[in-house]
Amino acid sequence: MDIDAWVWWLIGAVGLGIPLVLTAMPEFGMFAVGALAASATAALGGGIVAQVLVFVVVSVALTAVVRSIANRSRHQRPQHRSGIDALKGRTAVVVERVDGSGGRVKLAGEIWSARALDADTAYEPGSQVDVVDIDGATAVVM
């Protein structure tokens, strides 16, 4: 039984598609598309050199294009701060006098223990302060 070259390339494309599904590595998908293009080249009567060249060119071109798009989108993704990082830089209102040893502030709708960044500075109730850092469960303010 003699199998045409385009069928072998088709089998190769399916073979490359299996690891794509199992490992979620997009490179296998690029190679599978390259094998499909080589299969089409073989079906149209292209020689083995043309088939291999089409496979290599399509696979490398797809890999280069997809990687550049992925890198660009990774660098342009907006950075969303969450948790305590989202609280840094916000404004809080002093509820109980805050000095170097402690106090309380209302931050993001919740009451937090707080201490002044500068131990010699004190903030009276009602004044607004900026959160510099979160140290455990204590907001460091100035």
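**Note on the predicted model: salt bridges, cores and annotated spans**

1. Arg97 has a relative accessibility of 43% and therefore counts as partly exposed; the structure in question is a predicted model. Glu124, likewise at 43% relative accessibility, counts as partly exposed. The two residues form a salt bridge in which the closest N and O atoms are 3.0 Å apart. Since Arg97 belongs to strand β1 and Glu124 to the loop between β3 and β4, the pair ties together parts that are 27 residues apart in sequence.

2. Salt bridges with shared partners join Asp85, Lys88 and Asp133 into one network, and the structure holds six salt bridges in total. Within this network, Lys88 pairs with Asp85 at 3.6 Å between the closest N and O atoms, and with Asp133 at 3.5 Å, N to O. The contact between Asp133, in strand β4, and Lys88, in the loop between α3 and β1, ties together parts that are 45 residues apart in sequence. As for exposure, Asp85 is partly exposed at 38% relative accessibility, Lys88 is partly exposed at 26%, and Asp133 is partly exposed at 31%.

3. The largest nonpolar core has 15 residues, and those with the most contacts inside it are Val98, Val105, Leu107 and Ala139. Two or more residues of this core come from each of the elements β1 (91-99), β2 (102-107), β3 (110-116), β4 (128-135) and β5 (138-141). Apart from neighbours within four places in sequence, Val98 is in contact with several residues, among them Val105, Ala114, Ala116, Tyr123 and Val141. A second, separate core of five residues includes Trp9, Ala13, Ala35 and Ala38.

4. An unreviewed UniProt entry places the feature "transmembrane region" at residues 6-22 and 52-70. In the model, residues 6-22 are 100% helix and 0% strand, with end C-alpha atoms 25 Å apart, while residues 52-70 are also 100% helix and 0% strand, their end C-alpha atoms lying 27 Å apart.

5. A nonpolar patch on the surface is formed by Ile48, Val49, Val52, Leu53, Val56 and Val60, which together have about 550 Å² of accessible area. Val49, one of these residues, lies in helix α3 (residues 48-76) and counts as exposed because its relative accessibility is 59%, the cut-off for exposed being over 50%.

6. The UniProt annotation "domain: NfeD-like C-terminal", again from an unreviewed entry, covers residues 85-141. This span is 0% helix and 60% strand in the model, and its end C-alpha atoms lie 14 Å apart.

Terms used
Residues are numbered from 1 along each chain as its sequence is written. This is a predicted model: local features need pLDDT of at least 70, side-chain atom pairs count only at pLDDT 80 or more; totals for chains, interfaces and linings use all residues. Side-chain values use heavy atoms; hydrogens and water are left out. Patches are made of residues with over 30% relative accessible area and no salt bridge: like charges are joined within 9 Å, nonpolar side chains (Val, Leu, Ile, Met, Phe, Trp, Tyr) within 5 Å. Accessible areas come from the Shrake-Rupley method with a 1.4 Å probe; for residues, only the protein chains shown count as cover. A salt bridge is a side-chain nitrogen of Lys or Arg within 4 Å of a carboxyl oxygen of Asp or Glu. Helices (H or I, at least four residues) and strands (E, at least two) are DSSP runs, numbered from the N terminus. Buried means under 20% relative accessible area, exposed over 50%, partly exposed in between (1.4 Å probe, protein chains only). A nonpolar core is a set of buried Ala, Val, Leu, Ile, Met, Phe, Trp, Tyr and Cys residues joined through side-chain atoms within 4.5 Å. Contact means heavy atoms within 4.5 Å. UniProt positions are given in the numbering used here, feature names are shortened, and annotations may be inferred rather than shown by experiment.
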